[in-house]
Amino acid sequence: MTYSKLPKNKIVNRKGKGRILIISEFFPPYTQGGGEISTYLIAKEISKYNKIYVLTGNFCDKFWELDGIKIFPKLKKTSRDNKTEGVFSFGLKILPFTQINSNLVKKYIKKYNIDLVYLIPSNMYTIPLINTSIKVGKAVCIDVRSLSLLYLAKSTSNKFIGKIIDLFQLYLFNIYTKRLKKLIIKNKGINLVTMSDFIKNKLIEFNYPKDKIIIIPNISEQIQGKLYFKNREKKIIFAGRIEKEKGIWDAVKAFELVNDKNLIFEIVGDGSELEKIKNYIKQKNVKNIKLLGDRKSTRLNSSHTDISRMPSSA
């Protein structure tokens, strides 16, 4: 098994043993979606040429190593679980937690003499960590995989306190992003890396400097051997978390509109919408939509699929 390599001289100088700090809200074995797997594959690849340290969420008490990568579960949680956490309690602790995380970033940059900081902005409270890394004076790679630097995720609460916190977060978000844009323009060695023209154009639309944006396609597994297309079933596959924001309902409804009995739609993953999808398929008596379970128990082979469907809006 081999993996597509990162372009030379884009993120890291492959000639020497650099020290890279990756900051990611999740990291294997603690994962929420495919993004953490992609981050791990990138870390594994560049660890061949550099020393890699990872700062991630405080899922356990002790640090661990994975393929030579040192992982420190120290970051305080800054994303709200709508099912288990109240809006008010989240609002009270989010600013102290953000400051604690910023201090941790400074500490680990200094402790391990970091050359480059690689961050994945998963929510608005990771933006101060980017700003902190730039202010310390290190080279920074911002891996922009979504629109989290452009739009603020709205609270699901309809209560008065929820609306107040939404307004406060919007105020903070504007401060954080305005500061970030100034720092990116002012400092050398800062790059925004994205995997598509769509996100690049969106960043430019929101006044992020065009000359600091690099497109690097997502790292992916290379399947060796011959591909056989004759006499196989026609398939579309959806792989990811079964959530509204991941576009699962859009995918299911679009498949129904196609109305092709010879076409199979396979859904791989787990999430809060899974039971609703099951019931919907049963009620509609749809025979050619198959639920295959989560990614841990299912190995995907893209050579067996005609289309990979990824309608995520998150």
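Start by selecting residues 197-205, helix α5, in this predicted model. The helix lies across three strands, β7 (139-144), β8 (190-194) and β9, and runs at about 170° to β9.

**The sheet under the helix**

Now show the strands beneath α5. They belong to an open sheet of eight strands, in the order β4-β5-β3-β2-β6-β7-β8-β9, with mixed pairing. Look at the two ends: β4 (64-66) and β9 (213-215) are the edge strands, and each has a single partner, so one side of each lacks a neighbour in the sheet. If you turn the view, you can follow the twist: neighbouring strands are turned by 25° against each other on average, direction ignored.

Zoom in on the β4 edge. Here β4 pairs with β5 (residues 69-75) in the antiparallel sense, over three bridges. Select Glu65 and you will find Lys70 of β5 opposite.

Next, move along the sheet to β2, residues 18-23. How many of the six residues of β2 are buried? Five are, so colour this strand as mostly covered. On one side, β2 runs parallel to β3 (residues 50-57), joined by six bridges; Gly18 has Asn50 of β3 as its bridge partner. β2 also pairs with β6 (residues 116-119), again in the parallel sense, over four bridges. For a landmark in that pairing, pick Leu21, which stands opposite Val117 in β6.

**Two nonpolar cores**

Switch on side chains and select Ile23, Ile142, Leu149 and Leu180. These residues have the most contacts inside the largest nonpolar core, which has 38 residues. Helix α4 (residues 160-186) gives the largest share of this core, six residues. Centre the view on Leu180. Not counting residues up to four places away in sequence, Leu180 touches Ile127, Ile130, Asn131, Ile134, Ile142, Leu149 and Tyr208.

For contrast, select Ile22, Val54, Trp64 and Ile71. They are among the 20 residues of a second, separate core.

**Two helices to inspect**

Several of the Leu180 contacts lead to the next stop, helix α3 (residues 127-136), where eight of the ten residues are buried. The buried set is Ile127, Pro128, Leu129, Ile130, Asn131, Thr132, Ser133 and Ile134. Just past the helix, click on Gly137: its phi is positive, near 95°.

Then go to helix α1, residues 34-46. Try a distance check between the end C-alpha atoms. What span should the 13 residues of α1 have at 1.5 Å a residue? The expected span is 18 Å, and the end C-alpha atoms are 19 Å apart, which agrees. Select the buried residues of α1 too: Glu36, Ser38, Thr39, Tyr40, Leu41, Ile42, Ala43, Glu45 and Ile46. As you look down the axis, remember that an α-helix has 3.6 residues a turn, so residues three or four places apart point the same way.

**Two cysteines**

Select Cys60 and Cys141 for a side-by-side look. Which is buried and which is partly exposed? Cys60 is partly exposed, with a relative accessible area of 25%, whereas Cys141 is buried, at 4%. The disulfide count for the model is zero.

**A covered strand: β12**

Move on to residues 263-268, strand β12. Six of its six residues are buried, so β12 is largely enclosed by the rest of the structure. In a regular strand the side chains alternate between the two faces of the sheet. Colour the two faces of β12 separately: Leu263, Phe265 and Ile267 lie on one side, and Ile264, Glu266 and Val268 on the other, and all are buried.

The charged-looking name in that list deserves a click. Is Glu266 buried or exposed? At 10% relative accessibility, Glu266 counts as buried. Leaving aside neighbours within four places in sequence, Glu266 is in contact with Lys235, Ile236, Ile237, Phe238, Lys290 and Leu292.

Some of those contacts belong to the partner strand. β11 (residues 234-239) runs parallel to β12, and six bridges join the two. Select Phe238 and then Ile267, its bridge partner in β12.

**Zoom out**

Finish with the whole protein in view. It has seven helices and 14 strands, and buried residues make up 45% of its 314 residues. Among contacts between residues at least 6 apart in sequence, 71% join residues at least 24 apart.

Methods: Residues numbered from 1 in each chain as written. Predicted model: local features only at pLDDT ≥ 70, side-chain atom pairs only at ≥ 80, totals over all residues. Heavy atoms only, no water. Expected span 1.5 Å × (residues − 1). Buried < 20%, exposed > 50% of the residue type's maximum accessible area, 1.4 Å probe, protein only. Pairing = 2+ DSSP bridges. Axes fitted to C-alpha atoms, helices over the stretch in contact; angles between N-to-C directions. Contact = heavy atoms within 4.5 Å. Disulfide = S-S within 2.5 Å. Core = buried A, V, L, I, M, F, W, Y, C linked by side-chain atoms within 4.5 Å.
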